[in-house]
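Biologist: I'm new to this structure, and I'd like a close look at just one part of it. Could you take me through the largest pocket, what lines it and what sits around it?

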Amino acid sequence: MHPDTRMVHVTAPVPEHSTPLAVPIYQTSSFAFADPELMAGGLHRPDGAYVYSRFANPTVRALETAVADLEGGAAAIAASSGMGAITMLLHSLLGAGDHVIAQHSLYGGTHALLHDLATRRGVTVTRIDGRDPGELRSALTPQTRVLYLETIANPTGHVSDLPALAPVAREAGVLTVVDNTFATPVFCRPIEHGADVVVHSATKFLNGHSDVTGGLAVFADAELHRRTWEYAVEFGATADPFAAWLTLRGLQTLGLRMERHAANVTRVAGWLSGHPAVRSVSWTGPAPAAHVSGYPGAFCFDLAGGYDAGVRLLSRVRLIRAAPSLGGTQSLMLHPASTSHRQLSPAELAEARISPGTVRIAVGIEHPDDLIADLEQALDFAAR
Ligand SMILES: *Cc1c(COP(=O)(O)O)cnc(C)c1O
């Protein structure tokens, strides 16, 4: 053969007597078959041969299997972002005329998705607080298909009563979907409390290093997984092998990181609540509910100095970086009134439970003394 041909036909050996310690990156779009008859299986079922990476990829499968196992589910689908997983799932489960019951306090992107489903796709949406089974019962209709909750809501920290609500939904034939991004399986395993599907933004704690966008949907039931996989293949928001590999690498330290995040939140929130420049702290304690054993996520605090103090604080923090997102090793801070919620009127801000002096902090895994020292100098400056 000519060198030009030999250049393009290179294969790696498949190890026979040993296995790689780390999960290999299968950075390939397609797979070649010695027996073409075997190809059809992988195009029609999730557990068939590997054919094309939008359908299945071994590195992505390793991530799906690992997270399904941690969540106590039967199988999972990894996606290119948390919103990719949530949009794929809700579009797959819902059609025109269907009804969703969702808790008030939800991630902003999920709010926008529910709004879009309602205004453009003929789905009706009812909002509930999420703590009272009676409230859920009276919201149910014969068209209700999905109950949508967040274990610990982003950004409010609101904790819904999943163990009380899931049996009511199940009795009515309604699927319970829970976004477990904040708690992670370290602090809550929603399937054990009656959830049918758990969704994640792997961008946050699961990967944990601020270098990936990714998402997952984990299914309690293998048959629901199979049906959703068929739609996920059409939807096409599949995870990339390298992003899946980075997420698997981050996942190895999830337990250690979550312990440290939760301990740091306890230290930092406790310190902030005693500071004279801080009017209130939204954090409610280290164990938010019987079914949620830790609070690792972002929380809010209100500055007595209002809007100007918020802007000054953000300009002064050094170790803590001014950035959106959460769940990474580094501590991040946001002043919603001057950034993410800038367009809102004072009345709209109040409705979103954000005051001009509200600051959001996502506490990383640094040493807590250094975080407190940075907050101390920045709060002194902001109050001046
Ligand atoms: C960030 C986040 C999402 C969206 O995830 P992306 O990876 O940014 O698409 C969904 N739910 C919650 C609770 C989040 O914090």
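Modeller: Let's start with the mix of residues: the lining of the largest pocket in this predicted model has 17 nonpolar, 16 polar and eight charged residues. That makes 41 lining residues, and those nearest the centre of the pocket are Ser 105, Asn 154, Pro 155, Thr 156 and Ala 352. Several elements give two or more residues to this lining: helix H5 (108-120), strand S8 (278-281), strand S9 (299-303), helix H13 (346-351) and strand S12 (358-362). As for space, the volume of the largest pocket is about 1100 Å³.

Where is the pocket in the chain as a whole? The domain assignment gives two pieces, domain 1 (36-251) and domain 2 (254-383). Both domains give residues to the lining of the largest pocket, so the pocket lies between them. Taken over C-alpha atoms, the centres of domain 1 and domain 2 are 27 Å apart. The domains also touch each other, with 28 residues of domain 1 in contact with 24 residues of domain 2.

Now follow H5 away from the pocket, since H5 is one of the elements in the lining. There's an open sheet of seven strands, and its order is S1-S7-S6-S5-S4-S2-S3, with mixed pairing. Strand S1 (75-79) and strand S3 (124-128) are the edge strands, each pairing on one side only. From one strand to the next, the twist averages 20°. Look at the S3 end: strand S2 (residues 99-103) pairs with S3 in the parallel sense, over five bridges. One pair to pick out there is Ala 102 with its bridge partner in S3, Arg 127. H5 packs on this sheet and touches S2, S3 and strand S4 (144-150), and the direction of H5 makes about 140° with that of S3. Another helix, H9 (residues 222-235), packs on the sheet as well, touching S1, strand S5 (175-179), strand S6 (197-201) and strand S7 (215-219). The direction of H9 makes about 20° with that of S1.

H9 and S1 bring us to some enclosed space, which is handy to set beside the pocket. A search of the whole structure finds two cavities of 30 Å³ or more. The largest cavity has a volume of about 150 Å³. It's lined by 19 residues, with Arg 54, Glu 64, Ile 77, Ala 78 and Thr 238 closest to its centre. Helix H3 (58-71), S1 and H9 each give two or more residues to that lining, and H9 gives the most, with four. By class, this lining has 13 nonpolar, four polar and two charged residues.

The second largest cavity holds about 50 Å³ of space. Ala 78 turns up in the lining here too, along with residues including Leu 63, Val 212 and Thr 247. S1, S7 and helix H10 (241-251) each give two or more residues to it, and H10 has the largest share, three residues. The classes here are nine nonpolar, three polar and no charged residues.

Finally, back to pockets: the second largest pocket has about 300 Å³ of space. Its lining includes Thr 11, Pro 13, Tyr 26 and Thr 28, and it divides into seven nonpolar, five polar and no charged residues.

Conventions
Residues numbered from 1 in each chain as written. Predicted model: local features only at pLDDT ≥ 70, side-chain atom pairs only at ≥ 80, totals over all residues. Heavy atoms only, no water. 1 Å grid on protein atoms, 1.4 Å probe; cavity = no way out; pocket = protein on both sides within 12 Å on 5 of 7 lines; lining within 4 Å. Points joined across faces, edges and corners; volume = space filled by probe spheres on them. Nonpolar A, V, L, I, M, F, W, Y, C, P; charged D, E, K, R; others polar. Domains from an automatic or database assignment. Pairing = 2+ DSSP bridges. Axes fitted to C-alpha atoms, helices over the stretch in contact; angles between N-to-C directions. Contact = heavy atoms within 4.5 Å.
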